[in-house]
Every structure is written in C-alpha cells, then in structure tokens.
Amino acid sequence: MGILNITPDSFSDGGDFLCPDHAIRHAAAMVEQGAAIIDIGGESTRPGAEPVTTAEEIRRVVPVIETLARRLPVPISIDTSKPEVMRAAAAAGAGLINDVYALRLDGALTAAAEIGLPVCLMHMQGTPRTMQADPRYGDVVAEVAGFLGARVDACEMAGIPRTRLLVDPGFGFGKTLTHNLALLSGLARLTGLGPPVLVGLSRKGMLGRLTGREVGDRVAAGVAAAVLAVERGAALVRTHDVAATVDALSVADAVGRV
Ligand code: 7PM
C-alpha cells in the first residue's frame, strides 16, 4: 500500500502532493513500483497535528480520488475517520476505507456499513493531539488484540461482515518504542483475530529512535521492519517507499514459499 498524503503538514512528505497533478504522478509511480493499493489522506494524523474541517478534507481528496480511480489499475484507499469524507470518497471511486479511529467517531460505523466497502480498523490509544504524551499498557499485544477484536465484533453487529475487514496495530499511535517493538515482535498474535493484518511502519519515529536517522533516511530501517512484520503474518504493508519495500518483500516471499 503506497502512501499519498494530500496535506500541507504531513511529517515526512509535507506539502509535496497538495498539487493534484503532482499527486497523480506520484501515485502512478508507486503503482509502477509495485503498489497494490494507493492510500490517500487529506488530514495529517501526526502527533500534535491540528484537525482539518470536513469540507477542507473533502476538497483535498475527492478530485484526486476521482482521477486515480479512473486512471490506475489498483484500488484507492481513503485514510479518514469522518463519515462524510468516507461517503464522498466512496462516491468518487474509493475502494477501501482506512480509519485510524477504527470507526469510533459518531456516525462512522453506520456510514461504513451503508457504503459497503472494505475497512481497515486501526488501534490508537488517545487522540493524535495527545497520544504520545504518556502511553501506558499492561500487556500491549493483548490490549491491542482485545481492542481490535471488539471493533471487529462491533462492525459485525453493525452489518459489516468480518470478511470485509482488515486490522492494524497502529504503530506510533499512542505507543512508546518499547510498545512498538513488543507489537512487532508479537504481531503473529494479531493474525488469530481472522482479518488480514496491515502494518504501517514507514519512516516512523520508532525507526528514528532505533537508528538515530532523520525521517528522510529511514528507508532501510522501514524495509527491515516490513520484512519482520510479513514474517510474523502481516498481509499488507503501508509505506512511503514502495520500490525498496517491494524488492525486500519479493525476497521474503520467495523464502517463505520454500
Ligand atoms: C506518526 C504516526 C506520524 C503516524 C505519522 C503517522 C497509519 C495509518 C498513518 C498506520 C494505517 C504515517 C502516519 N499511519 N493508517 N495512517 N496504519 N492503517 O506514517 O500505521 O503516514 S498516518
């Protein structure tokens, strides 16, 4: 899954793709490099980020989704938590809803059920503004698995079948480095929930903490993390660095098939 941020403040590619033409070229390049899904976000979810209005988020993403859905041979995912944005994105041709709030905002569960698209449910402790202040868990893997299992059940009750869901531990979303490492190490326990597991590790702070590198120099670290995640059962990898990740996962996949 290649990341396309249409925001002026995204932490690793801030503002680069606000211009629709540039965004479309970048998405097409990621598909050529092997991306199977393009994930479009119009609201930054980095720690401390200020929310954008629904109208502004729709204004940013809808024109890009309309164009990409027509031109690209892969599904377009909409990274949003707002029901109105989910509806507008689906009408524009999106094929997947990626929600860091796991459909917990008012109206999101109903909207997603009505829309009928697949949904990625992500774990987050707290809110993007405050989540990194002092995250705490007893057993982080058990708590994340418990949360995701409960959200899968809530979706089913609302009319979204389990077969339409993905789950994601939400690396960096209300987690210390220790929590993130425990989740990566224990990722296989999430596969027991049933839905495919998606991971997003690309360029994140945990990789910076481990390598001492700035956000633009974390490709190797992110690729290593992606391989470890896939070895532990991840089915999808969300990344800024599609070419390098696809190469590494080709090797991991070949070895996994022996
Ligand atoms: C800190 C944390 C900074 C996260 C930036 C981010 C994910 C996502 C994002 C993820 C799914 C980023 C982000 N991360 N959706 N949206 N999983 N499903 O790295 O890990 O782009 S935002």
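**Notebook: loops, helix α3 and cysteines**

Started at Arg203, which sits in the loop between β7 (198-200) and α8 (205-211). Note to self: this is a predicted model. The phi of Arg203 is positive, about 65°, although the residue is not a glycine. I then checked whether Arg203 is buried or exposed. Arg203 has a relative accessible area of 17%, and the cut-off for buried is under 20%, so Arg203 counts as buried.

I looked up Ala102 next. Ala102 is not a glycine either, yet its phi is positive at about 55°. I found Ala102 in the loop between β4 and α4. Its relative accessible area is 0%, so I put Ala102 down as buried.

**Helix α3**

Which residues of α3 are buried? The helix covers residues 83-92, and I listed Pro83, Val85, Met86, Ala89 and Ala92 as its buried residues. I wanted to know what they pack against, and got two helices and two strands: α2 (54-71), α4 (108-115), β3 (76-79) and β4 (96-99). As a reminder, an α-helix has 3.6 residues a turn, so residues three or four places apart point the same way. Just after α3 comes Gly93, and I noted its positive phi, near 115°.

I took a closer look at Met86, which belongs to α3. Met86 is buried, its relative accessible area being 0%. Skipping neighbours within four places in sequence, I wrote down its contacts as Thr80, Ser81, Ile97, Asp99, Leu103, Ala108 and Ile115. I also took the C-alpha to C-alpha distance from Met86 to Thr130: 24 Å in space, with their positions 44 residues apart in sequence.

Ala89 is also in α3. With 0% relative accessibility, Ala89 counts as buried. What does Ala89 contact, leaving aside its neighbours within four places in sequence? I got Ile65, Ile78 and Ala94. For a longer span I tried Ala89 to Ala182, which are 93 residues apart in sequence and 34 Å apart from C-alpha to C-alpha.

**Cysteines**

How many disulfides does the structure hold? I counted 0. Cys120 is in no disulfide, and the nearest cysteine sulfur, that of Cys155, is 11 Å away. A disulfide needs the two sulfur atoms within 2.5 Å, so at 11 Å Cys120 and Cys155 do not make one. I checked burial for both: Cys120 is buried at 0% relative accessible area, and Cys155 is buried at 0% too.

**Whole chain**

I finished with the overall numbers. The protein chain has 10 helices and 8 strands. Its C-alpha atoms fill a box of roughly 40 × 40 × 40 Å along the principal axes. For 258 residues, a compact globule would have a radius of gyration near 18 Å, and I read 17 Å for this chain, which agrees.

Buried residues make up 52% of the 258. Among contacts with a separation of 6 or more, I found that 67% join residues 24 or more positions apart. The accessible surface is about 11,100 Å², and carbon and sulfur atoms own 54% of that surface.

Last entry, on charge: I have 24 positive and 28 negative side chains in the protein chain. The centres of the two sets lie 2 Å apart.

Key:
Residues numbered from 1 in each chain as written. Predicted model: local features only at pLDDT ≥ 70, side-chain atom pairs only at ≥ 80, totals over all residues. Heavy atoms only, no water. Helix = DSSP H or I, 4+ residues; strand = E, 2+ residues; numbered from the N terminus. Rg over C-alpha atoms; globule rule 2.2 N^0.38 Å. Buried < 20%, exposed > 50% of the residue type's maximum accessible area, 1.4 Å probe, protein only. Contact = heavy atoms within 4.5 Å. Areas by Shrake-Rupley, 256 points an atom, 1.4 Å probe, with all protein chains shown as cover. Lys, Arg positive; Asp, Glu negative; His and termini not counted. Charge placed at Lys NZ, Arg CZ, Asp CG, Glu CD.
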